[in-house]
Amino acid sequence: MSNLTRLDYHFVFVTKYRKKVLLGLESDVERAFRAAAAGGGFEVLEFSCDLGDHVHVVLRLSPNVSVSQVVRRLKQLT
């Protein structure tokens, strides 16, 4: 019997003052999130950019990566 750890997290990133600055940039933001995940020890399972003022993303993290590291990496690279 093997051990399997599956850590899935749902994050919501909101723009400052809920300004609709993401309208028309949804595919660019998704591409940036997926690029950040490529070398960061996590995987983007689902991505949604709603109303131009927030992003929903479901991530699968490996057990050796902390949530704070992932959030910091996403904010730095996007």
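**Largest pocket, aromatic cluster and loop residues**

The largest pocket has a volume of about 270 Å³. The structure described here is a predicted model. Twelve positions are named in the lining of this pocket, and they come from several parts of the chain: Phe13, Val14, Thr15, Leu22, Asp28, Val29, Ala32, Phe33, Val55, Leu74, Lys75 and Thr78. Three elements each supply at least two residues of the lining, namely strand 1 (7-14), helix 1 (26-38) and helix 2 (67-77). Among the contributors, helix 1 gives the most, with four residues. In terms of residue class, eight nonpolar residues are found in the lining, together with two polar and two charged ones.

The pocket is set in a protein chain whose secondary structure consists of two helices and three strands. Along the sequence, these elements follow the pattern β-α-β-β-α. The C-alpha atoms of the chain occupy a box of roughly 50 × 20 × 20 Å when the dimensions are taken along the principal axes. The chain has 78 residues, of which 31% count as buried. Its accessible surface amounts to about 5300 Å², and carbon and sulfur atoms account for 52% of that area. When contacts between residues at least 6 apart in sequence are considered, 61% of them join residues at least 24 apart.

Aromatic side chains form a further feature of the model. Four aromatic pairs are present in the structure. In one of them, the ring centres of Phe13 and Phe33 lie 5.7 Å apart and the ring planes meet at 65°, so the pair is classed as edge-to-face, the cut-off for this class being over 60 degrees. This pair links distant parts of the chain, with Phe13 in strand 1 and Phe33 in helix 1, 20 residues apart. Both Phe13 and Phe33 are buried, and both appear in the lining of the largest pocket. The two residues also belong to one aromatic cluster, which is formed by Tyr9, Phe11, Phe13, Phe33 and Phe47.

Thr15, another residue of the pocket lining, is located in the loop between strand 1 and helix 1. Its relative accessibility is 15%, and Thr15 therefore counts as buried, the limit for that class being under 20%. Apart from neighbours within four places in sequence, Thr15 is in contact with Val21, Leu22 and Asp53; of these partners, Leu22 is itself among the residues that line the pocket. The C-alpha atoms of Thr15 and Val71 are 15 Å apart in space, the two residues being 56 residues apart in sequence.

The loop between strand 1 and helix 1 also holds Tyr17 and Arg18. Tyr17 is not a glycine, yet it has a positive phi of about 60°. A positive phi, near 55°, is likewise found for Arg18, a residue other than glycine. With a relative accessible area of 67%, Tyr17 is exposed, because values over 50% fall in that class. Arg18, at 42% relative accessibility, counts as partly exposed. The loop thus includes a buried residue, Thr15, an exposed one, Tyr17, and a partly exposed one, Arg18.

Cys49 is part of strand 2 (residues 42-50). At a relative accessibility of 17%, Cys49 is counted as buried. With residues up to four places away in sequence set aside, Cys49 touches Leu22, Glu26, His54 and Val55. Two of these partners, Leu22 and Val55, are included in the lining of the largest pocket. Cys49 and Ser27 are 22 residues apart along the chain, and their C-alpha atoms are separated by 8.9 Å. Leu22 is thus a contact partner of Cys49 as well as of Thr15.

Note on methods: Residues numbered from 1 in each chain as written. Predicted model: local features only at pLDDT ≥ 70, side-chain atom pairs only at ≥ 80, totals over all residues. Heavy atoms only, no water. 1 Å grid on protein atoms, 1.4 Å probe; cavity = no way out; pocket = protein on both sides within 12 Å on 5 of 7 lines; lining within 4 Å. Points joined across faces, edges and corners; volume = space filled by probe spheres on them. Nonpolar A, V, L, I, M, F, W, Y, C, P; charged D, E, K, R; others polar. Phe/Tyr/Trp six-rings, centres within 6.5 Å; stacked < 30°, edge-to-face > 60°. Buried < 20%, exposed > 50% of the residue type's maximum accessible area, 1.4 Å probe, protein only. Contact = heavy atoms within 4.5 Å. Areas by Shrake-Rupley, 256 points an atom, 1.4 Å probe, with all protein chains shown as cover.
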